[in-house]
Amino acid sequence: MVARKFFSLYIVLYLFLYSGYLLYIYWIRPTYNIVSLSAILLPFIFLLLFQLFLYKRTKIKEKAKIQFKPLSLLCSILPLWCGIMLGLNEYKSNFSTERWLNKPEERVYMVDDLLEHYKLNGMTSEEVDKLLGNPTQTEYFKEENNIVYYLGDERGLISIDSEWLILFFNDKNEVIKYSLKTD
């Protein structure tokens with residue numbers, strides 16, 4: 001009887017935990033990595049092990065044991081949904097020129113991949129235009145030898161400001177440095 005109470009408590013905690021995971025994935029936009037996959041799968045694995053323990057080691061009525069399979073299937077929806085959301089975040093975070101140009105509101109998620117895979121320093125302004133398209137027409141952060149790209153609403157739980165990519169050029173029209181800023 002005590003084991004069933006612990007199991008019921010675990011189910012409630014399980015639901016709260018995955019609700020938190022879903023909110024975290026929605027707001028922070030993490031992608032697949034060993035930490036995120038472990039965090040998503042471990043509570044479900046513990047749930048299955050707990051059910052197996054109850055099924056094999058305790059004297060629960062057969063009616064209650066029959067409920068374990070549907071409960072396991074229902075509880076598997078949450079980790080599956082978290083995995084799908086991580087996959088969508090992974091897709092949105094991969095840079096491509098086509099997506100950069102067609103989905104400017106998602107640039108904020110692509111910029112890290114852009115900076116990781118493309119060496120902007122040393123690129124000419126023509127190469128930058130070919131890769132990133134025309135810069136955003138704005139006075140924010142505008143100086144004599146730079147161009148500015150709007151990335152979208154800042155990342156994080158409370159996105160009040162916008163994020164911007166600023167590229168600085170030398171006299172030869174080559175990128176000498178870049179920075180990410182919020183307004």
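Cys 75 is buried, at 6% relative accessible area; buried means under 20%, exposed over 50%, and partly exposed in between, with a 1.4 Å probe and protein chains only. Cys 82 is buried too, at 0%. This is a predicted model, in which local features need pLDDT of at least 70, side-chain atom pairs count only at pLDDT 80 or more, and totals for chains, interfaces and linings use all residues. Residues are numbered from 1 along each chain as its sequence is written, and side-chain values use heavy atoms, leaving out hydrogens and water.

How many disulfides are there? The count is zero, where a disulfide is a pair of cysteine sulfur atoms within 2.5 Å. For Cys 75, the nearest cysteine sulfur belongs to Cys 82 and is 13 Å away. Cys 82 is likewise in no disulfide.

**The cores**

A nonpolar core is a set of buried Ala, Val, Leu, Ile, Met, Phe, Trp, Tyr and Cys residues joined through side-chain atoms within 4.5 Å. The largest one has 19 residues. Trp 100, Leu 114, Val 128, Leu 132, Tyr 149, Leu 165 and Leu 167 touch the most other members. H6, H7, S1 and S2 each give two or more residues to this core. Which element gives the largest share? H6 does, with five residues. Another core of 18 residues lies apart from it, and Cys 75 is among its members, as are Tyr 18, Ile 40 and Leu 78.

Helices (H or I, at least four residues) and strands (E, at least two) are DSSP runs, numbered from the N terminus. Helix H6 covers residues 107-117. Its buried residues are Arg 107, Val 108, Met 110, Val 111, Asp 113, Leu 114 and Leu 115. Their cover includes helices H4 (68-93), H5 (97-102) and H7 (125-132). Strands S1 (146-153), S2 (162-169) and S3 (175-182) are also part of that cover.

Contact means heavy atoms within 4.5 Å. Leaving aside residues up to four places away in sequence, Leu 132 touches Phe 95, Trp 100, Leu 101, Leu 114, Tyr 149, Leu 165 and Leu 167.

Val 175 sits in strand S3. This valine is buried, at 3% relative accessible area. Its contacts beyond four places in sequence include Leu 120, Met 123, Val 128, Leu 167 and Phe 169. Val 175 and Phe 6 are 169 residues apart in sequence, and 61 Å separates their C-alpha atoms.

**Surface and loops**

Where do nonpolar side chains form a surface patch? Leu 23, Tyr 24, Tyr 26, Trp 27, Ile 28, Leu 157, Ile 158 and Ile 160 make one of about 880 Å². Patch residues have over 30% relative accessible area and no salt bridge; like charges are joined within 9 Å, and nonpolar side chains (Val, Leu, Ile, Met, Phe, Trp, Tyr) within 5 Å. Leu 23 belongs to helix H1, residues 2-28. With 44% relative accessibility, Leu 23 counts as partly exposed.

Two loop residues other than glycine have a positive phi. The table sets them out.

| Residue | Loop | Phi | Relative accessible area |
|---|---|---|---|
| Arg 29 | between H1 and H2 (34-57) | near 60° | 24%, partly exposed |
| Asn 173 | between S2 and S3 | near 65° | 39%, partly exposed |

Conventions: Accessible areas come from the Shrake-Rupley method with a 1.4 Å probe; for residues, only the protein chains shown count as cover. A salt bridge is a side-chain nitrogen of Lys or Arg within 4 Å of a carboxyl oxygen of Asp or Glu.
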